[in-house]
Amino acid sequence: MASLKINDLVKAYGHTRILHGIDLEVRDGEFVVLVGPSGCGKSTLLRMIAGLDDISSGELWIGDKLANTLPPQGRNISMVFQSYALFPHMSVRANVGFGPRIRREPKEGIAAKVAKAAATLNLTDYLDRFPRQLSGGQRQRVAMGRTIVREPDLFLFDEPLSNLDAKLRVQMRTEIKALHQALKTTIVYVTHDQIEAMTMADRIVVMNAGRIEQVGAPLDLYDRPANRFVAGFLGSPAMSFIPGILERGDGAPRVRTASGVVLPVGETNATSGQAVEIGIRPERYRVAAAGDGVPFEVKVVEPTGSETHVFGSIAGTEVRCVLRERVSAEPGSVLPLTVDPADVHVFDAGTGERL
């Protein structure tokens with residue numbers, strides 16, 4: 001295992017910059033997830049760590065080695081791609097043991113490594129099958145087994161679950177997390193799926209347009225996003241935002257919308273009269289008593305059994321609520337809602353930064 005340290009890393013094609021001075025440190029044995037929308041640079045960063053893309057400037061350290069000019073085979077890393085990239089004419093046993101064989105390792109050692117990887121990934125009963133005889137999840141486990149036998153310092157995953165159906169993705173998330181806990185390896189994992197990031201990571205790196213927006217533990221980012229982008233990206237359903245003007249006076253601070261609706265907020269650095277946007281997670285809303293709360297105009301009601309998703313608007317702004325109780329609201333009706341001021345996030349309307 002090894003730590004990873006990135007200092008002011010830049011990737012440019014001519015005058016066009018893809019990554020703008022990335023600084024990141026991954027501790028030995030840590031599971032770090034790079035997440036962000038398509039085109040944000042997360043896969044490019046992963047390929048630079050792997051040595052598949054050149055570094056324009058900056059430093060990349062793997063353990064105590066400066067890896068800028070090291071070839072991929074000299075970095076002692078292993079990478080799992082979105083495609084399984086298995087040899088269709090080889091059995092699972094041959095696929096998993098392919099790397100050690102081409103490195104001319106002893107046959108006895110290869111057999112032991114393959115058996116250990118198969119046991120770790122629950123592939124022992126499938127060692128003599130061919131890839132065409134496996135499910136998508138089993139094929140992905142074979143691809144992971146091929147990386148385990150290398151015994152690398154660093155595991156890299158590039159959206160490995162995107163080709164799986166929803167049920168298999170949930171299963172494989174658990175298996176990859178369990179694998180990390182068993183092997184205690186250093187993992188850098190790329191995904192655009194924020195649910196994967198929240199459920200698997202020790203720390204999340206949120207990227208946008210070639211820059212890091214925020215780094216932290218999943219719940220820290222969820223509870224205290226640094227800016228509007230992070231707040232809107234993490235969470236499903238997404239946080240909704242309501243514009244207004246912050247007011248201070250007697251009592252707690254509050255935000256007044258253009259239509260005159262007033263929503264109390266918690267402690268904030270915003271000044272009175274400042275244009276802001278407040279963000280509220282869908283699950284933080286509660287149904288208020290008749291005549292209280294904020295009027296919510298119902299447009300669509302989606303009962304799921306355990307929850308009721310209600311889509312509508314507050315002060316002309318589209319909002320989605322997730323209510324634990326079963327409500328009898330109909331499209332076109334008005335539902336009174338309330339939210340704890342401590343659960344209201346305040347962002348500068350211009351910069352998007354948290355206030």
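This is a short conversation about reading the aromatic rings and the overall build of a predicted model.

Reader: Where should I begin, and how many helices and strands are in the chain?

Author: Welcome! The chain holds nine helices and 20 strands. Its C-alpha trace spans about 75 × 45 × 30 Å along the principal axes.

Reader: How many aromatic pairs does a search of the whole structure find?

Author: Six aromatic pairs turn up. Take Phe-229 and Phe-233: their ring centres are 5.9 Å apart, with 15 degrees between the planes. Planes under 30 degrees apart count as stacked, so this pair is stacked.

Reader: What separates Phe-229 and Phe-233 along helix H9?

Author: About one helical turn, because the two residues are four apart in helix H9, which covers residues 228-233.

Reader: Are Phe-229 and Phe-233 buried or partly exposed?

Author: Here a cut-off helps: buried means under 20% relative accessible area. Phe-233, at 18%, therefore counts as buried, while Phe-229, at 26%, is partly exposed. Across the chain, buried residues make up 47% of the 355 residues.

Reader: Which residues do ring pairs link into a cluster?

Author: Look for Phe-31, Phe-155, Phe-157 and Tyr-189, which are joined by ring pairs.

Reader: Which ring does the charged end of Arg-228 sit over?

Author: That of Phe-241, with 3.9 Å to the ring centre. Arg-281 lies over the face of Tyr-222, also 3.9 Å from the ring centre.

Reader: What share of the contacts with a separation of 6 or more comes from residues 24 or more positions apart?

Author: Such residues account for 65% of those contacts in the chain.

Terms used:
Residues are numbered from 1 along each chain as its sequence is written. This is a predicted model: local features need pLDDT of at least 70, side-chain atom pairs count only at pLDDT 80 or more; totals for chains, interfaces and linings use all residues. Side-chain values use heavy atoms; hydrogens and water are left out. Rings of Phe, Tyr and Trp (its six-membered ring) pair if their centres lie within 6.5 Å; planes under 30 degrees apart count as stacked, over 60 as edge-to-face and the rest as tilted. Buried means under 20% relative accessible area, exposed over 50%, partly exposed in between (1.4 Å probe, protein chains only). A charge sits over a ring if NZ of Lys or CZ of Arg is within 6 Å of the ring centre and within 35 degrees of the ring normal. Contact means heavy atoms within 4.5 Å.
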